[in-house]
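Here is an informal walk through one model, from the overall picture down to single residues. Keep the structure open as you read.

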Amino acid sequence: MKQIQKNRTYLSVYLVIVIVAIIAAYAVSLQALGFNWIIASLTALIILVITRIYTIGTAFYGQIKEITLQQEKESQEEISISDIINQKNTEEKEEKEQQEEELDKLIEQLSGENDPEKLGQKLLSQLGEELQIVQGLVYQYSNETEKFEVLSTYAYYGEEPPQAFSTGEGLSGQAARDQQRILLTELPDDYTEVISGLGKRQPKMLLLAPLIHEEKTVALVELSFFEKFNEQKIDKFEGILNKLAQHFA
């Protein structure tokens, strides 16, 4: 982008130099030969052509600028949850700053929704596409009922709707109370079985992750996965959730 603006500046400077040179040459010829309609006409024509070329050039640079801005915007939109959780831990300052910038871009993309329910749905949908979650639930704490109420769901096929829970009640309530994630990698045989075109499959991992804002658990995400993730990826994912927590407060 800076290079485009720089080239446009150069074009303007070159135009001024050429026009001044033409006018100076015409002035010299005027003194030496006197007024001449042919020379005057040619000088005016050259200035007109150069001005037209400049107009076309500035329009061209304007189009390049728009294309560049669009590409930068699309580049920002390409940041995904999987990109963030697959980042490698680093001690390099520049790499850390870049990772933080990418995380901020992702949060900006996700938090474009002001409605917590739509935000929760958007988060679960993106997780479904990128991480192939089996099922997903987002609970939000309600000051009226003093319980965590279901806010958004993804691929939930239970016979009964998911139930609200109080702080400390069940595994989800414990995660909310302790403000610590609960990660289960050994699920019972009777846990949710998913039937798809690929046949019957059982989840390999269950994650209960609280969203904490101003030292208070404001929401909780419950996710089940077909694949197991390592601790580093889970830590990265929690970083995303904590950045989003304020939008559920």
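## A pair of neighbours in a salt bridge

At 43% relative accessibility, Asp178 counts as partly exposed. Its partner Arg177 falls in that class too, being partly exposed with a relative accessible area of 47%. The side chains of Arg177 and Asp178 come together in a salt bridge, with N and O 3.0 Å apart. Bear in mind that this is a predicted model.

## The model as a whole

How confident is the predictor here, going by the average pLDDT of the protein? The average is 78, and 73% of the residues score at least 70. One stretch to treat with care is residues 194-199, where pLDDT stays under 50. For that stretch the model has six contacts beyond four places in sequence.

The protein has seven helices and seven strands. Going along the sequence, the order is α-α-α-α-α-β-β-α-β-β-β-β-β-α. There are 249 residues, and 33% of them count as buried. If you take the contacts with a separation of 6 or more, 59% are between residues 24 or more positions apart.

## Arg181 and its acidic partners

Searching the whole structure turns up four salt bridges. Which residues are linked in a network of them? They are Arg181, Glu231, Asp235 and Glu238.

Take Glu231 to begin with: its salt bridge with Arg181 has its closest N and O atoms 2.3 Å apart. Here distant parts of the chain are linked, with Glu231 in helix 7 (residues 231-244) and Arg181 in the loop between helix 6 (170-178) and strand 3 (182-184), 50 residues apart. Glu231 has a relative accessibility of 46%, so it counts as partly exposed.

Then there's Asp235, whose side chain meets that of Arg181 in a salt bridge at 2.7 Å, N to O. Since Asp235 lies in helix 7 and Arg181 in the loop between helix 6 and strand 3, this pair ties together parts that are 54 residues apart in sequence. Asp235 is partly exposed as well, at 42% relative accessibility.

## The second largest pocket

Now for some empty space. Rolling a probe the size of a water molecule over the atoms shows where such space is left. The second largest pocket has a volume of about 160 Å³. What lines the second largest pocket? The residues are Ile84, Gln87, Asn89, Thr90, Lys96, Gln99, Glu100, Leu103, Lys236, Gly239 and Ile240.

Helix 4 (93-110) and helix 7 each give at least two residues to this lining. Helix 4 has the largest share, with four residues. Sorted by class, the lining holds three nonpolar, five polar and three charged residues.

## Two loops with positive phi

Ala155 is not a glycine, yet its phi is positive, at about 55°. You'll find Ala155 in the loop between strand 2 (147-154) and helix 6. Is Ala155 buried or exposed? Neither outright: at 24% relative accessibility, Ala155 counts as partly exposed.

Glu214 is another residue other than glycine with a positive phi, near 55°. Look for Glu214 in the loop between strand 6 (205-213) and strand 7. With a relative accessibility of 69%, Glu214 counts as exposed.

## In and after strand 7

Ser224 sits in strand 7 (residues 216-225). At 2% relative accessibility, Ser224 counts as buried. How far apart in space are Ser224 and Leu208? Their C-alpha atoms are 8.9 Å apart, with the two positions 16 residues apart in sequence numbering.

Lys228 lies in the loop between strand 7 and helix 7. Lys228 is partly exposed, with a relative accessible area of 47%. Which residues is Lys228 in contact with, leaving aside its neighbours within four places in sequence? They are Thr185, Glu186, Lys204 and Met205. As for Thr185, its C-alpha is 7.2 Å from that of Lys228, although the two are 43 residues apart in sequence.

Technical notes:
Residues are numbered from 1 along each chain as its sequence is written. This is a predicted model: local features need pLDDT of at least 70, side-chain atom pairs count only at pLDDT 80 or more; totals for chains, interfaces and linings use all residues. Side-chain values use heavy atoms; hydrogens and water are left out. Buried means under 20% relative accessible area, exposed over 50%, partly exposed in between (1.4 Å probe, protein chains only). On a 1 Å grid over the protein atoms alone, a cavity is a set of points where a 1.4 Å probe fits but cannot get out, and a pocket is an open set with protein on both sides within 12 Å along at least five of seven lines; lining residues have an atom within 4 Å of a point. Grid points are joined across faces, edges and corners, and a volume is the space filled by probe spheres set on the points. Ala, Val, Leu, Ile, Met, Phe, Trp, Tyr, Cys and Pro count as nonpolar, Asp, Glu, Lys and Arg as charged, and the others, Gly among them, as polar. pLDDT is the predictor's confidence in each residue, from 0 to 100. Contact means heavy atoms within 4.5 Å.
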